[in-house]
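Colleague: I've got a model open and I'd like to learn how to read it feature by feature. Can you walk me through it?

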Amino acid sequence: MERMRLLLIFISILFNATTLSGVELLVHNYYKEKCPLAEDIVRHNVEVAVLKNPRLAASLLRLHFHDCFVMGCDASVLLDNVEGMTSEKLAGPNLNSLRGFEVIDKIKYLLEEECPITVSCADILAMAARDAVELRGGPRWEVLLGRKDALESSFSGANILIPAPNSSLEVLIDNFKQQGLDIEDLVTLSGSHTIGRARCLSFRQRIYDAKEEYHYGYDHYKRYTSFRRILRSICPVEGRDNKFAPLDFQTPKRFDNHYFINILEGKGLLGSDNVLISHDLDGKITEQVWAYASNEKLFFASFAKSMIKMGNINVLTGNEGEIRRNCRFVNA
């Protein structure tokens, strides 16, 4: 039964990749009449949360990403564990890793007070991700709205569909292709690693594995050697699995284009960062990385475009799904 369910998910994703069905059903200003203060409520509470803890900006962006890559942007990632359904929060890529649920809970509570059963949890995730990026210095974009919330989660899907931090370039390209996203989207959205942190468990292989793809070819000034020494001081061969390191050592709390400068120098924290360059056989990805590294405005414009595209993956609209009263549980 579970295998059949996953097969149906894959078929749905592939159909979405071909037709982008649902995009035309999402609109700007969806809540203008239904709940005029919706976007203001989301932004204010994201701003308060990020001012208290800047790390939450990356957490909220990551929540949206991990939600969209499993069954689509339907807030399935927010569902708690209940009898008969294992939460996506317990899947390998999410367990002890995803954060920001309490921020979404508070926003949902306030929206239910203002406009009961009107604003979906999936739309809250999309708006919160946008606001989090802007509040850390990144671009702002108009979020298409009108999503409905899923009635179930997929623990198995979360384990299969979310890219791993040590993925090869081939696997990353395939992961994104399954979601209707192309190589340009892959490179652009990888730029979200300009903010946030990763656990030692996520980058240990990258600093101790001898695979050439984790280590960009040139190191004339021993910059990479020094960087690896720093990483090893944070993350030993064994132990300290939950010790954190910033994804961008230069400007860890600011959303900018420094991520692309880092990977050109072989200083991406994750193995999946560095393979964008080391596995790029025809040079097209490297060309895109150079363009973003030298032109932050270009990166920002491309990032906004790719986030809108990602936010439309396999969305539920119309009579599909529901608008949850509580983002952690389906309605009774």
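**Reading a helix, then the empty space**

Modeller: Let's begin with helix α13, residues 284-294, where Ile 285, Thr 286, Gln 288, Val 289, Tyr 292 and Ala 293 are buried. Viewed down the axis of α13, those buried residues sit within an arc of 160°, so they line one face of the helix. Bear in mind that this is a predicted model.

Colleague: Why would residues that are not adjacent in sequence end up pointing the same way in a helix?

Modeller: The general idea is that an α-helix has 3.6 residues a turn, so residues three or four places apart point the same way. In our case, the other side of α13 has Lys 284, Glu 287 and Ser 294, which are exposed.

Colleague: Which helices do the buried residues of α13 pack against?

Modeller: They pack against α7 (169-178), α8 (183-190), α11 (258-264), α12 (271-278) and α14 (296-310). You can see one of those contacts from the partner's side by clicking on Thr 188, which is in helix α8.

Colleague: Is Thr 188 buried or exposed?

Modeller: Thr 188 is buried, with a relative accessible area of 0%. Leaving out residues up to four places away in sequence, Thr 188 touches Phe 260, Gln 288, Tyr 292, Phe 299, Ser 302, Phe 303 and Ser 306. Gln 288 and Tyr 292 should ring a bell, as they are among the buried residues of α13.

Colleague: OK, on to empty space. How does one find it?

Modeller: Rolling a probe the size of a water molecule over the atoms shows where empty space is left. Here the largest pocket has a volume of about 980 Å³. It is lined by 39 residues, and the closest to its centre are Arg 62, His 66, Ser 97, His 193 and Leu 270.

Colleague: Which elements supply the lining of the largest pocket?

Modeller: At least two residues each come from α3, α7, α8, β1, α9 (200-208), α12 and α14. The largest share belongs to α3, with 7 residues. By class, the lining of this pocket splits into 22 nonpolar, 11 polar and 6 charged residues.

Colleague: His 193 was on your list for the pocket centre. What does UniProt say about His 193?

Modeller: The unreviewed UniProt entry has a "binding site" annotation covering His 193. Such annotations may be inferred rather than shown by experiment. In the model, His 193 is in the loop between α8 and β1 (197-199). Beyond its sequence neighbours up to four places away, His 193 touches Leu 247, Asp 248, Tyr 259, Leu 270 and Asp 273. Leu 270 is also one of the residues closest to the centre of the largest pocket.

Colleague: Where else does the unreviewed entry place a "binding site"?

Modeller: At Pro 163, again according to the UniProt record. Pro 163 lies in the loop between α6 (155-161) and α7. Its relative accessible area is 16%, so Pro 163 is buried. Buried means under 20%. The contacts of Pro 163, again without residues up to four places away, are Phe 65, Phe 69, Leu 172, Asn 175 and Phe 176.

Colleague: And how many closed cavities of 30 Å³ or more are there?

Modeller: There are 2. The largest cavity has a volume of about 60 Å³, and the second largest about 40 Å³. Residues lining the largest cavity include His 64, Trp 141, Arg 147 and Asn 312. The lining of that cavity has 6 nonpolar, 3 polar and 1 charged residues. For the second largest cavity, the lining is Phe 227, Leu 247, Phe 249, Gln 250, Asn 262 and Lys 267, which makes 3 nonpolar, 2 polar and 1 charged by class. Leu 247 in that lining also touches His 193.

Colleague: One last feature, the backbone. Which residues should I look at for positive phi?

Modeller: Asn 96 has a positive phi of about 55° although it isn't a glycine. Asn 96 is in the loop between α3 (55-68) and α4 (101-114), and it is exposed, at 63% relative accessible area. Then there's Ile 117, also not a glycine, with phi near 50°. Ile 117 is in the loop between α4 and α5 (121-135) and counts as partly exposed, at 38% relative accessibility.

Definitions and conventions. Residues are numbered from 1 along each chain as its sequence is written. This is a predicted model: local features need pLDDT of at least 70, side-chain atom pairs count only at pLDDT 80 or more; totals for chains, interfaces and linings use all residues. Side-chain values use heavy atoms; hydrogens and water are left out. On a 1 Å grid over the protein atoms alone, a cavity is a set of points where a 1.4 Å probe fits but cannot get out, and a pocket is an open set with protein on both sides within 12 Å along at least five of seven lines; lining residues have an atom within 4 Å of a point. Grid points are joined across faces, edges and corners, and a volume is the space filled by probe spheres set on the points. Ala, Val, Leu, Ile, Met, Phe, Trp, Tyr, Cys and Pro count as nonpolar, Asp, Glu, Lys and Arg as charged, and the others, Gly among them, as polar. Helices (H or I, at least four residues) and strands (E, at least two) are DSSP runs, numbered from the N terminus. Buried means under 20% relative accessible area, exposed over 50%, partly exposed in between (1.4 Å probe, protein chains only). The arc is that of the directions from the helix axis to the C-beta atoms. Contact means heavy atoms within 4.5 Å.
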